Amino acid sequence: MAISYMTEEGYKKMMEEIAYLETVKRAEISRQIAEARDKGDLSENAEYDAAKEAQGMLEMKISQLKDKVANARLIDDSKLNTHTVQILNKVKIKNTKNNATMEYMLVSESEANLKEGKIAVNTPIGKGLLGKKVGDVVEIQVPSGVMTFEVIDISI
């Protein structure tokens, strides 16, 4: 699995989710399996099959989260600068076609959340902005075509 970069906040959230899944959700599913098993013949018991499938999905999710945590590299906030766009920077950009301005924070894929204005560095826009300076105009290939943005501001 590839190395993923994340903030300390994102790392803590992921660890809390793992703890919740392992303690609370595992116990719930075990209880569901036990209840279904008590109902008799397992060969025709849909509840038992559904609970076992849910258990498999839960274990897969826990495994994936643990892999991400194992391959995570925490980013040191003190080493960030605003000379060029890099991960954890807030970037204000202007669409040169319609003059709309947007502000995004570049984060790792696991922390991306468009509602919070956080986009992953491995998205087309994220990749296109990395390394750019204030005033740079960049053309980025997105699924709907080519978009042109001007970097207006870089902050932390």
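## The main core

The largest nonpolar core in this chain has 20 residues, and those making the most contacts inside it are Val85, Val91, Ile125, Leu129 and Ile140. Several elements feed into this core: strand 3, strand 4 (101–107), helix 3 (124–129), strand 6 (137–142) and strand 7 (145–155) each supply at least two residues. Keep in mind that what you're looking at is a predicted model.

Leu129 is a good residue to click on here. Setting aside neighbours within four places in sequence, Leu129 is in contact with Val85, Val91, Ile93, Val138, Ile140 and Val151. There's also a second, separate core, this one of 14 residues, and Met6, Met14, Ala36 and Ile62 are among them.

## Two annotated domains

What does UniProt say about residues 5–73? An unreviewed entry carries the annotation "domain: Transcription elongation factor GreA/GreB N-terminal" for that span. In the model, residues 5–73 are 81% helix and 6% strand, and the end C-alpha atoms lie 5 Å apart.

The other annotation, also from an unreviewed UniProt entry, is "domain: Transcription elongation factor GreA/GreB C-terminal", placed at residues 83–155. Here the chain is 8% helix and 45% strand, with end C-alpha atoms 9 Å apart.

## Helix 1 and helix 2

Helix 1 runs over residues 8–38, which makes 31 residues. At 1.5 Å a residue it should span 45 Å, and its end C-alpha atoms are 44 Å apart, so the two figures agree. There is a bend, though: about 35°, at Leu21. Just after the helix comes Gly40, with a positive phi near 115°.

Helix 2 (46–70) has 25 residues and reaches 36 Å from its first C-alpha to its last, close to the 36 Å expected at 1.5 Å a residue.

## What the helices bury

Which residues of helix 1 are buried? They are Gly10, Met14, Ile18, Leu21, Ile29, Ile33 and Ala36. So Leu21 turns up twice, as a buried residue and as the site of the bend. Some of the spacing in that list fits a general point: an α-helix has 3.6 residues a turn, so residues three or four places apart point the same way. The cover over the buried residues of helix 1 includes strand 1 (4–6) and helix 2.

On helix 2, the buried residues are Tyr48, Ala51, Leu58, Ile62, Leu65 and Val69. These pack against helix 1 and strand 2. Met14 and Ala36 from helix 1 and Ile62 from helix 2 are also members of the second core.

## Salt bridges

How many salt bridges are there? The count comes to nine. Side chains of opposite charge can pair when their charged atoms come close. One of the pairs is Glu8 with Lys12, at 3.7 Å from N to O. Both lie in helix 1, four residues apart, or about one turn of the helix. Lys12 is partly exposed, with a relative accessible area of 46%.

Two other pairs go from helix to helix. The side chains of Glu17 and Lys61 meet at 3.4 Å, N to O. Glu17 is in helix 1 and Lys61 in helix 2, so this salt bridge ties together parts that are 44 residues apart in sequence. Both ends are partly exposed, Glu17 at 32% relative accessible area and Lys61 at 39%. Glu22 and Lys66 make a salt bridge as well, at 2.7 Å from N to O. Again one partner, Glu22, sits in helix 1 and the other, Lys66, in helix 2, so parts 44 residues apart in sequence are tied together. Glu22 is partly exposed at 24% relative accessibility, and Lys66 is partly exposed at 40%.

## Two buried polar residues

Asn89 sits in the loop between strand 2 (72–74) and strand 3 (90–95). Is Asn89 buried or exposed? Its relative accessibility is 0%, so it counts as buried. Not counting residues up to four places away in sequence, Asn89 touches Asn81, Thr82, Thr84, Tyr104, Met105, Leu106, Ile154, Ser155 and Ile156.

Thr148 lies in strand 7. With a relative accessibility of 15%, Thr148 counts as buried, because the cut-off is under 20%. Leaving aside neighbours within four places in sequence, Thr148 is in contact with Lys94, Asn95, Thr96, Val137, Val138 and Glu139.

Definitions and conventions
Residues numbered from 1 in each chain as written. Predicted model: local features only at pLDDT ≥ 70, side-chain atom pairs only at ≥ 80, totals over all residues. Heavy atoms only, no water. Buried < 20%, exposed > 50% of the residue type's maximum accessible area, 1.4 Å probe, protein only. Contact = heavy atoms within 4.5 Å. Expected span 1.5 Å × (residues − 1). Bend = angle between axes of the 7 residues up to and from the residue. UniProt positions renumbered as here; feature names shortened; annotations may be inferred. Core = buried A, V, L, I, M, F, W, Y, C linked by side-chain atoms within 4.5 Å. Salt bridge = Lys/Arg side-chain N within 4 Å of Asp/Glu carboxyl O.
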